[in-house]
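Hi everyone, thanks for making room for me today. Have a look at the structure on the screen, and I'll walk you through it.

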Amino acid sequence: MGRQPIWRRVDFMPQVNYFKPAGVPMAHLQEVRLSIEEAEAIRLKDIQGLEQNECAQKMRVSRPTFARILVSARQKMADALLNGKAIRIEGGNYEMAVRRFRCSNGHEWEVPFEVMINTPPEFCPTCNTKDIMALWPWRSGWGRAGQGRQYRGGRSW
Ligand SMILES: [Zn+2]
């Protein structure tokens, strides 16, 4: 597996992941990339108003690590707002707290992160079919959507 990234726990996936300032031609548009865990840090601290140690617990990181993620997130948002840059929210090292599945008969259910780690679902709990799939935002693999801490790379996932 090579290097082991540190996965941060995230409970929320933004529905809108691109913000563009009005009146800036695309050719001149610079982009700031906010990782999913940075967006989560902002959400917990600045929207939900939790204390830093609560935020750190929720994301399962140390308090200094949380503080670092938060500072980075705020700097990026400030840079975008004041310098007229677009913001793209994607990537990072994170793991969702819950993953949603659907079977071929249309039943949907959610599997908690902790359960999934130990016993990933093999069949639908309603109709027992084994024809199941994971739903957005997981594009491949399971539980670990965005990879790569490179904010500059052109990698898509
Ligand atoms: Zn089913």
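Let me begin with disulfides: how many does a search of the whole structure find? The count is 0. Please keep in mind that what you see is a predicted model. Two cysteines are still worth a glance. Cys55 has a relative accessible area of 0%, so it is buried. Cys124 is buried too, again at 0% relative accessibility.

Now let's step back to the whole chain. The protein chain has 157 residues, and 41% of them are buried. Its accessible surface is about 9500 Å², with 51% of that belonging to carbon and sulfur atoms. In secondary structure we have 4 helices and 8 strands. Reading from the N terminus, the order is β-β-β-α-α-α-β-β-β-β-α-β. And here is a number for those of you who like contact maps: take the contacts between residues at least 6 apart in sequence, and 67% of them join residues at least 24 apart.

On to the sheet. Which order do the strands of this open sheet follow? It is S2-S4-S3, three strands with mixed pairing. Strand S2, residues 18-19, and strand S3, residues 31-34, each have a single partner strand, so they stand at the edges and one side of each has no neighbour in the sheet. S3 and strand S4, residues 86-89, run parallel and are joined by 4 bridges. If you want one pair to click on, Glu31 has Ala86 in S4 as its bridge partner.

Two helices pack on this sheet, so to speak in turn. Helix H1, residues 36-47, touches S3 and S4, and its direction makes about 75° with that of S3. Helix H3, residues 63-83, touches S3 and S4 as well, but here the angle with the direction of S3 is about 155°.

Let's stay with H1 for a moment. Is this helix mostly covered or mostly open? Mostly covered: 9 of its 12 residues are buried. The buried stretch takes in Ile36, Glu37, Glu38, Ala39, Glu40, Ala41, Ile42, Arg43 and Leu44. You will notice Glu37, Glu38, Glu40 and Arg43 among those buried names. After H1 comes Gly49, with a positive phi near 70°.

One of those glutamates leads us across to H3. Which residue does the side chain of Glu38 meet in a polar contact? The partner is the side chain of Lys76, at 2.9 Å. Lys76 sits in helix H3. Its relative accessible area is 15%, and because buried means under 20%, Lys76 counts as buried.

Last stop, the backbone. Arg60 is not a glycine, and yet its phi is positive, at about 60°. You'll find Arg60 in the loop between helix H2, residues 52-59, and H3. Arg60 is partly exposed, with a relative accessible area of 45%. Where does Asn128 lie? In the loop between helix H4, residues 113-118, and strand S8, residues 132-134. Asn128 also has a positive phi without being a glycine, in this case near 70°.

That's my tour. Thanks for listening, and I'm happy to take questions.

How values were computed. Residues are numbered from 1 along each chain as its sequence is written. This is a predicted model: local features need pLDDT of at least 70, side-chain atom pairs count only at pLDDT 80 or more; totals for chains, interfaces and linings use all residues. Side-chain values use heavy atoms; hydrogens and water are left out. Buried means under 20% relative accessible area, exposed over 50%, partly exposed in between (1.4 Å probe, protein chains only). Contact means heavy atoms within 4.5 Å. Accessible areas come from the Shrake-Rupley method with a 1.4 Å probe; for residues, only the protein chains shown count as cover. Two strands pair if DSSP finds at least two bridges between them. Axes are lines fitted to C-alpha atoms, for helices over the stretch in contact, and angles run from 0 to 180 degrees between N-to-C directions. A disulfide is a pair of cysteine sulfur atoms within 2.5 Å. A polar contact is a pair of N or O atoms within 3.5 Å; within protein, one must be able to donate a hydrogen and the other to accept it, and residues adjacent in sequence count only if both atoms are side-chain atoms.
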